[in-house]
Amino acid sequence: MKSVRIHINGIVQGVGFRPYVYRLAVERGLSGWVENTSQGVIIEAQGREPEVDSFLEALRKNPPPQSLIEKFSVEDIPPQPASGFRIAESRQGQGTTLISPDIALCPDCRNEMLNPNDRRYGYPFINCTNCGPRFSIIRQTPYDRPATTMADFTMCPDCEGEYHDPLNRRFHAQPIACPACGPKVWLCRPGGVVIAEGAAAVHGAARALRDGQILALKGIGGFHLACNAADLEAVAKLRQRKRRPHKPLALMVDSVDTARRLCRLVPEEAAIMDSPQAPIVLVLKQASDLISELIAPGNRYLGLMLPYSPLHRLLFEALARDDPRPWALVMTSGNISDLPIIIDNHQAMDKLGFIADCFLLHDRPIENRNDDSIVFWSGQEPGHFQIMRHSRGYAPNPLTLPLETPPCLAVGGQMKNTFCLAQGQRAYLSQHIGEMESFEAMSFFEEMVEKYQRWFKIEPQAVVHDLHPDYLTTRWAGSQSVAEKIAVPHHFAHLLSVLADNGTCQPAIGVVFDGTGYGLDGKIWGGEFLYHHGAGQISRLGHLEYLPLPGGEAAIRHPWRIALAYGLTLFGPDAVWDGLKVDPEQKELIKKQVKGDLNLVWTSSLGRLYDAVSAALGICTEITFEAQAAMALESAAAGGVSAAYGFQIEEDGPARVVKLRRLWQGLMDDIQNRVPAAVAAAKFQNAVVDFTMAMCDNIKSITQCRTVALSGGVFQNRTLLSELEGRLADRGFRVLVHRQVPANDGGLSLGQVLYYAFKR
Ligand code: ZN
Ligand code: ZN
Ligand code: FE
């Protein structure tokens, strides 16, 4: 006989852990109990030694699919009186447990939902311990039905029976519901007049989509605006009403097969699309008549996801029933410009009424706003994805820091904001908060900061923020009453973020390429070659040449101004080519500005250089969304071109500066000689790879460091990322890239935490 006590930590609640333990124990004839506590799951089991050993092995090796075991400890205990195996009631107590992210509809629930003989046939809120909403419905911890937005729905006897049956897939599935007792769905007009309810509502919504209407639909973490992606007029109408002329629209497709018809889908991409996280996956688009050309104009990539909630799946079933063909729907965030996504029925009616023709609503409240996550596969390593937006399916999973920190809150940056709350070696990166430029975003930020502190029982003694004095997050940090406030240079945080992301504190050369970040000299950095000596000590060993943004940040919306100012600065007033088709008067104005050094902001940003080159080549001269010009350049660049523009590296004090005169000369010559823009764009990107390699070699010769860490929003450019990863590895460098947090400013707060952990 053997008796053991097992303590398991991690995501072990709301994922069917206890029934799983129960089944394993009963199968092996063990006696004992399993209990949920606020420190995790505790099990006592006893039986014959081989059975106990096989029980332990099964627990370790095949835990329930949605669980995540962080700690697993076993101790031998004295034999207990044997009395079968039972599931003990939850106990409150000290300590913290984790909260599971939202999980996409599982195959079992999907089959039940589509089976006319099942009692949940066609029910849009079906879920079980392996799937369904979690994070988006939780109000308090521990995760228990009264602590969720399901608190107001009283279970019917059937659901109650399943909920209490340890052998049922829905044992303690907190959002358990059925048509008799759970949330309901209805379809209504913008004014609120109800058109249909239940199954008829889903059918009505499908019909509206088929007829070219725009549907506002309440999902898991917020509202979507949907329309038929093949319907040019509908897409144009949506773009016009949402005032979003060019930015790519995400699509939801009925199946992986349909995805394959829209893009060149590799198995890794299909797998992540169909995973429990079910993010939007950016994939290489191919010609197809299934979608209008207005979906992602001038872009090589498409953002695709699968129906991840039962309601989405039912909508596609209804579409297919009336018109069996591959379906793709635009599924874009239900928000106004850059404000947070809408989660509330009344607000949706209020704010989206002039965009949507009808509303598919339900009465299960969304407690925590949670956008769709966005990922791409960079093609280097199987199963390793780049996360561009960290939200549904990922938040609030914890990250493990490479060193311990006292309790702290890092508030992130201004754009694509996330914050990070940390203590010990554990860091919680928030879901995507968004652009910190509105009262609404700020309120959302504050709401989530308060909730994370409460849920994870972390009381920060320090607030860590960006060095930029005018970021809203910096000002918010200033208003907090905590013992310590620490400012972190933007690009240092990027570098530390990718180190933390890889679980390391070691010395590394940091290549940080982004659009905008406040530098230690008060200029705008963004083409940075840093060196992490270890222990958080960072030096700036190189950067791109400083060039002027006329009118400062305002130039960002008009890349042609940047092109003109760069050309003028590098070659003087006479050398400016005629290729740039802009109003001569405005051109004169910029010339005067550059000549007279009036209202110029100097920047070493690679993002801005991409903008300038994109405009100079006529690829994109004006933008309506962030990074548009750079994305257009990446998409326009022809593959297979190996030529590159030249560059020079000059020493300037302790720093090496990448001089861009030769690069710009080559570009102007090509424009003059009518070299196709695709070829010139490729030559530019090759030059970026070349000068990065040269700088890394140069810095290696000084520091003897053979590790290069890549971070910053420019690394969302896949061509650049995979080229550099490949070339650096060939040259014998160990390359660190992001794995769990975004390379863009969405990952900044994690780096800020590590900075603090080192400095304290
Ligand atoms: Zn399920
Ligand atoms: Zn029920
Ligand atoms: Fe940045």
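This is a short dialogue about cavities, a pocket and aromatic contacts in a predicted model.

Trainee: I'm new to this structure. How do I go looking for empty space inside it, and how many cavities are there of 30 Å³ or more?

Mentor: Rolling a probe the size of a water molecule over the atoms shows where empty space is left. Here, a search of the whole structure turns up 2 cavities of 30 Å³ or more. The largest cavity comes out at about 220 Å³.

Trainee: Which residues should I click on to find the largest cavity?

Mentor: Try Q13, G14, R18, N36 and Y143, which lie nearest its centre among the 21 lining residues. For secondary structure, go to α1 (17-27) and β2 (31-37), as each supplies at least two residues of that lining. α1 gives the most, with 3 residues.

Trainee: And what classes of residue make up the lining of the largest cavity?

Mentor: Its lining has 11 polar residues, 7 nonpolar and 3 charged.

Trainee: Where does the largest cavity lie with respect to the domains?

Mentor: Look at who lines it. Domain 1 (2-87) and domain 2 (99-255 + 316-376) both contribute lining residues, so the largest cavity lies between them.

Trainee: What about the second largest cavity, what is its volume?

Mentor: About 170 Å³. It is lined by 22 residues, and P133, I220, S309, P310 and R364 are the closest to its centre. Sorted by class, that lining holds 12 nonpolar, 6 polar and 4 charged residues.

Trainee: Now pockets. How much space lies in the second largest pocket?

Mentor: About 700 Å³. Its lining counts 28 residues, with L68, Q277, G393, Y394 and N397 nearest the centre. The elements giving two or more residues to this lining are β4 (68-76), β17 (385-389) and β18 (398-410). By class, the lining splits into 13 nonpolar, 11 polar and 4 charged residues.

Trainee: Where does the second largest pocket lie with respect to the domains?

Mentor: Domain 1 (2-87) and domain 2 (99-255 + 316-376) both give residues to its lining, so this pocket lies between them.

Trainee: Let's move on to rings. How many aromatic pairs does a search of the whole structure find?

Mentor: There are 16. Take F135 and Y452: they form an edge-to-face pair, 6.4 Å centre to centre with 80° between the planes. The two come from distant parts of the chain, 317 residues apart: F135 sits in the loop between α3 (107-113) and α4 (157-164), and Y452 in helix α11 (residues 439-455).

Trainee: Is F135 buried or exposed?

Mentor: Under 20% relative accessible area counts as buried. F135 is at 0%, so it is buried. Y452 is buried too, because its relative accessible area is 0%.

Trainee: Can you show me another pair?

Mentor: Sure, go to Y610 and F684. This pair is edge-to-face, 4.9 Å centre to centre and 80° between the planes. Y610 belongs to helix α16 (residues 606-616) and F684 to helix α19 (residues 677-703), so the pair ties together parts 74 residues apart in sequence. Y610 counts as buried at 2% relative accessibility, and F684 counts as buried at 0%.

Trainee: Which residues form an aromatic cluster with F135?

Mentor: F419, Y428, F445, Y452, W455, F456 and W476 form one cluster with F135.

Trainee: Last one: where does the charged end of K523 sit?

Mentor: Over the ring of Y546, 4.4 Å from its centre. Then look at R540, which lies over the face of W525, 3.7 Å from the ring centre.

Conventions:
Residues numbered from 1 in each chain as written. Chains lettered and ligands numbered in written order. Predicted model: local features only at pLDDT ≥ 70, side-chain atom pairs only at ≥ 80, totals over all residues. Heavy atoms only, no water. 1 Å grid on protein atoms, 1.4 Å probe; cavity = no way out; pocket = protein on both sides within 12 Å on 5 of 7 lines; lining within 4 Å. Points joined across faces, edges and corners; volume = space filled by probe spheres on them. Helix = DSSP H or I, 4+ residues; strand = E, 2+ residues; numbered from the N terminus. Nonpolar A, V, L, I, M, F, W, Y, C, P; charged D, E, K, R; others polar. Domains from an automatic or database assignment. Phe/Tyr/Trp six-rings, centres within 6.5 Å; stacked < 30°, edge-to-face > 60°. Buried < 20%, exposed > 50% of the residue type's maximum accessible area, 1.4 Å probe, protein only. Lys NZ or Arg CZ within 6 Å of the ring centre and 35° of its normal.
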